[in-house]
Amino acid sequence: MRKISQIVIHCSATRPDWMEGHSAAEKRDEIDRWHKARGWRGIGYHAIIDRDGAFAQGREVEQIGAHVKGHNLETIGVCLIGGHGAAAHDAFPDHFTDAQAGALLAFVEAWREDDPAIIISGHNEYAAKGCPGFDVAGWLKGHGIDARPQPAPQIVSDPAPSAPAWLLRPPMRRRARA
Ligand SMILES: [Zn+2]
């Protein structure tokens with residue numbers, strides 16, 4: 001099993017009406033073609049979230065992605081369709097739909113359920129880019145989700161109760177009496 005410690009959020013930097021009327025899978029296939037044209041072995045993201053909140057699977061989660069330079073090893077990349085011309089600190093609704101917000105939150109929550117320590121970040125935290133076109137940590141905070149949770153306190157089991165002193169060191173007078 002590949003260790004996954006982080007979800008990195010991206011956008012496709014496409015206009016809101018890009019490939020309108022086509023399914024999420026068709027958009028995934030188009031991105032797959034773009035990334036193959038870059039010489040990659042296929043789509044670099046692990047999932048895309050379409051304008052209507054529909055998911056399409058990208059690269060297998062078990063496979064290392066190609067979406068954030070220097071941070072692909074333990075991450076998965078999820079790409080929101082849209083975000084053309086987005087800047088790093090735009091508001092989520094400037095570029096994405098309510099359906100995408102719901103789908104992304106469900107995605108994050110599902111992974112968090114599996115691993116409460118998983119970190120959620122945006123591509124722009126690792127590169128001087130607008131992608132994904134909003135402040136991921138701030139947006140999540142607005143939904144009551146901490147992007148970088150403190151590790152849960154380790155539950156340390158109590159040490160074995162120590163034996164009472166009288167058991168370890170019987171009073172000398174008992175021995176004397178015996
Ligand atoms: Zn990106």
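## The sheet

Let's start in the middle: five strands form an open sheet in the order β3-β2-β4-β1-β5, and the pairing is mixed. (Strands are DSSP runs of E with at least two residues, helices are runs of H or I with at least four, and both are numbered from the N terminus; two strands pair if DSSP finds at least two bridges between them.) β3 (55-57) and β5 (119-122) are the edge strands with a single partner each, so one side of each has no neighbour in the sheet. From one strand to the next, the twist averages 25°. Angles here run from 0 to 180 degrees between N-to-C directions, using axes fitted as lines to C-alpha atoms, for helices over the stretch in contact.

A word on the model: it is predicted, so local features need pLDDT of at least 70 and side-chain atom pairs count only at pLDDT 80 or more, while totals for chains, interfaces and linings use all residues. Residues are numbered from 1 along each chain as its sequence is written, and side-chain values use heavy atoms, leaving out hydrogens and water.

## The chain as a whole

The protein chain has six helices and five strands. Walking from the N terminus, you meet them as β-α-β-β-β-α-α-β-α-α-α. The chain has 178 residues, and 42% of them count as buried. (Buried means under 20% relative accessible area, exposed means over 50%, and partly exposed is in between, with a 1.4 Å probe and protein chains only.)

Take the contacts with a separation of 6 or more: 66% of them join residues 24 or more positions apart. (Contact means heavy atoms within 4.5 Å.)

## Strand β1 and its neighbours

Which way do the side chains of β1 point? Gln6, Val8 and His10 go one way, and Ile7, Ile9 and Cys11 go the other. That fits a general pattern: in a regular strand, side chains alternate between the two faces of the sheet. β1 is mostly covered, with six of its six residues buried.

β1 (residues 6-11) pairs with β5 in the parallel sense over four bridges, and it pairs with β4, also in the parallel sense, over six bridges. Val8 stands opposite Ser121 in β5 and opposite Gly77 in β4. Gln6, in turn, faces Ile119 in β5.

## Helices on the sheet

Helix α1 (residues 24-37) lies across β2 (47-49) and β3, at about 45° to β3. Helix α3 (residues 98-114) also packs on the sheet, where it touches β1, β2, β3, β4 (75-80) and β5. The direction of α3 makes about 165° with that of β4.

## The zinc site

What holds the zinc ion? Its protein donors are His10 (ND1), His123 (ND1) and Cys131 (SG), lying 2.0 to 2.3 Å from the ion. (Donors are N, O and S atoms within 2.8 Å of the metal, or 3.2 Å for Na, K and Ca; water is not among the atoms, so sites may look incomplete.) In sequence, the donor residues follow the spacing H-x112-H-x7-C. His10 is in strand β1 and Cys131 is in the loop between β5 and α4 (136-142), so this pair ties together parts that are 121 residues apart in sequence.

Cys131 is buried, with a relative accessible area of 14%. Beyond its neighbours within four places in sequence, Cys131 contacts Ile9, His10, Cys11, His123 and Asn124. Asn124 sits in the loop between β5 and α4, and is buried at 18% relative accessible area.

## An aromatic cluster

The structure holds eight aromatic pairs. (Rings of Phe, Tyr and Trp, the last by its six-membered ring, pair if their centres lie within 6.5 Å; planes under 30 degrees apart are stacked, over 60 edge-to-face, and the rest tilted.) Phe92 and Phe134 form an edge-to-face pair, with 4.9 Å centre to centre and 80° between the planes. Phe92 is in helix α2 (residues 92-95) and Phe134 in the loop between β5 and α4, 42 residues apart.

Phe92 also makes a stacked pair with Trp139, at 4.5 Å centre to centre and 10° between the planes. Trp139 lies in helix α4 and Phe92 in helix α2, so the pair ties together parts 47 residues apart in sequence. Both Phe92 and Trp139 are buried. Ring pairs link Phe92, Phe96, Phe134 and Trp139 into a cluster.
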